[in-house]
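Here are a few short exercises to work through with the model open. Try each task before you read its solution.

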Amino acid sequence: VVNGSPLTNRPLHEPLSSFDANGRYIGLPNLVQMLQNTPDTPEPESPYEIHEPAINLPPEQRSPVVQQPTDDPRVILNKAMESASLDLVEEAVDELVKDVCGDAIRQVDLEHQLSKAFADKFINDSLTIMVKEIAKECIEKEVEIKRRKIAVAESRARMSVVVMNEIIRDFMKTELVIVARDTKRAIGQQMKAQSFAKMSAVIMREMLEDVMYEQCQEIALTTRKEVVRQKKALLRKKAEVLRRNQMRKYFQSWSKEYHTRVHIRNILRKLPAKSPMLTVKQQLDKLLSSNDSTANVLTSPISYKSILKEREELQKRLTDMANEKEMKRLRAMQPVNLTRLHKELTASRLMSTKRSYSNNCMKLIVSFPSRVEHFSLGNSESLIKFKLRTENTDHCLPIPAELRGKFEQLSETQQRSTQTLDFKYDIKACYGVLSTNERRKVQQHHLLLGITGIFFTLHSNGQARDKMFWSNCRTRLGQLLRSKPPVPGIPLLIMNISTGSSDEQSNIEEHLGIAELREEGLLSDCVVYLQQEQTDSDEFHKQLVHSLVWLMSHSPETPTIEKETLKGFVEKEILKNFTIPLYEETALRKEALLQPQCPEVIVDLYNSVIDYVIAVVTNLKLKDISLPIPEFIATGGLTDSPPVSWNSTETRERLYSILGKLKLPMPFSPATDGTWHSEYILCLDYINILLEEEPLKTFGFALINR
């Protein structure tokens, strides 16, 4: 109730916030805007007034403006202006205080820096003199101590050299004696072990040969018994068949005779019972119905049993001849068993008729004038190919595609065993004359490497043996022999297949140039066998076996090659030709009271040894050795043989490059004063330079480090 009257309806003012969305105070501008919108004459109905906070609080502590009712807007304006004035004064005072304090602080820092610089200068000036005096005294003391140490070291070094020389001389004498004794003992033990090993090998070889001979003999006896048993069984069957045929014939003869006798008896029964009017002779002639005289029958000395016995003997002989002919035919149509043939030759000692044959390997080349495609009994070349060929050649080393028209694999060892007595063989056929390109391909693929013999067929095929024929044969043989390495020489077997008169062996060798090939070292032996075109198969088999026996017995000796690592070989040669002679010379010079050898001579000796090793390893004659047999290495038949490329040009060039790095450069020129101490210093400088250029990459540096 105001003035005793009820309240009037007054409009309500909307509240305004004095802070924005970011929490900043915006109350003063809102107040000014509100006052501008307010009329000059205050309205009595405005019961509210705005109260601002007395102090500035942070945004998080500020409370929203609470509108309270007031009576006068001017009061509100005055309070607002008072608050704004206080804020302005506080900001001005803060800036003034900050300026005054900043000058004072800068003045204090400047005074502090000046005092510190003065103190540092004073301390440095005062301490420099003291440090110089103390350092001078210390340097004088250290110089004196160093001079004394040098004098003591020089005196000690002089005494040490004298004592060390005496100790080293005694020690070296003792060590040399011990080393010589140990070396002698080791060499003696090694020689003893080698002699034991050689004797053991010889004894084992003899025992093994005896055991193998006994086993082969037992196997042969067992096989012979089995063959005899089978043959007897076959003969018994044939004899039974023959006996039955004879019994059938005898039964037929008996049956015919029986019916004749019955017929005679029936005839006689029809005769009257009285004495015959004919004599006995007449009766027999009538009964036998023969024109011969009965006296011949009665007086004949041949009996029926003797006739049967002769017939049985004749039949037996005919059966034996038929069986023998069949056995010869079967044996002649079977391929030659080279393994069994080699065992028989080894057991009969025929292999050593001319020279010892240590290895059990055979690589044979059969040369034909043209390609043999089809088998024919009337063609000797097809028979040779048939009897030397095996059906399964899948495991053999394949022939290159560009040479398959000239070479063909006939046979190879079927049994893969690691026994030392096993016989390994490889047979290839070569057709026609090799061209220069084909010869180069043969050498590139090592087809004739390790060859032990050539089976050369000489067949004219119905043509005349004129100059053209002999020139072609000579070229064929020469190209074949020159496609292999020349060492060692191999045997040559010439199978002269002829239909008429044959040439002499000397004429054939002259036409083929055998003497020239022997002078070149390509051939070791040569023999000519005559084979007629139309001949018995059994005779042909015997001739072929005899030819193979000759090739086996005349096979060349395998060159003795030791397999050793490059490092081991170089170390052994350097020890033998460099280290031991150098130590021996050093000992002799010490005994003669001479100075050690100069470094130039030592380095020159070492380089000479390396040159010798290079000359041995890269010798050009190594490429002429026909070893090993690639077919046996590829199939695992030979495990101790070197690789195929061991003597190739690429391998020798690589070894030359590797061994050339072992050589040392010549040292510096000798010292000018000629003393060993100066030479010793030059040697150390030489070694240091070598180590800096190529540290520890050659075998020579390894020796120096030892």
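**Exercise 1: a helix and its span**

Buried residues of α14 are Pro599, Glu600, Val603, Tyr606, Asn607, Val609, Ile610, Val613, Ile614 and Val617; buried means under 20% relative accessible area, exposed over 50%, and partly exposed in between (1.4 Å probe, protein chains only). Helices (H or I, at least four residues) and strands (E, at least two) are DSSP runs, numbered from the N terminus. A quick note on the source: this is a predicted model, where local features need pLDDT of at least 70, side-chain atom pairs count only at pLDDT 80 or more, and totals for chains, interfaces and linings use all residues. Residues are numbered from 1 along each chain as its sequence is written, and side-chain values use heavy atoms, with hydrogens and water left out.

Task: work out what span helix α14 (residues 599–617) should have.

Solution: the expected span is 1.5 Å times one less than the number of residues. With 19 residues in α14, that gives 27 Å, and the end C-alpha atoms are 27 Å apart, so the two agree.

**Exercise 2: unusual backbone**

Task: find which residues a cis peptide bond joins.

Solution: look at valine 487 and proline 488, where omega is about 0 degrees. Proline 488 sits in the loop between α9 (467–481) and β7 (490–498).

Task: is leucine 593 buried or exposed?

Solution: start with its backbone, where phi is near 60 degrees, a positive value in a residue other than glycine. Next, place leucine 593 in the loop between α13 (566–591) and α14. Finally, its relative accessibility is 75%, so leucine 593 counts as exposed.
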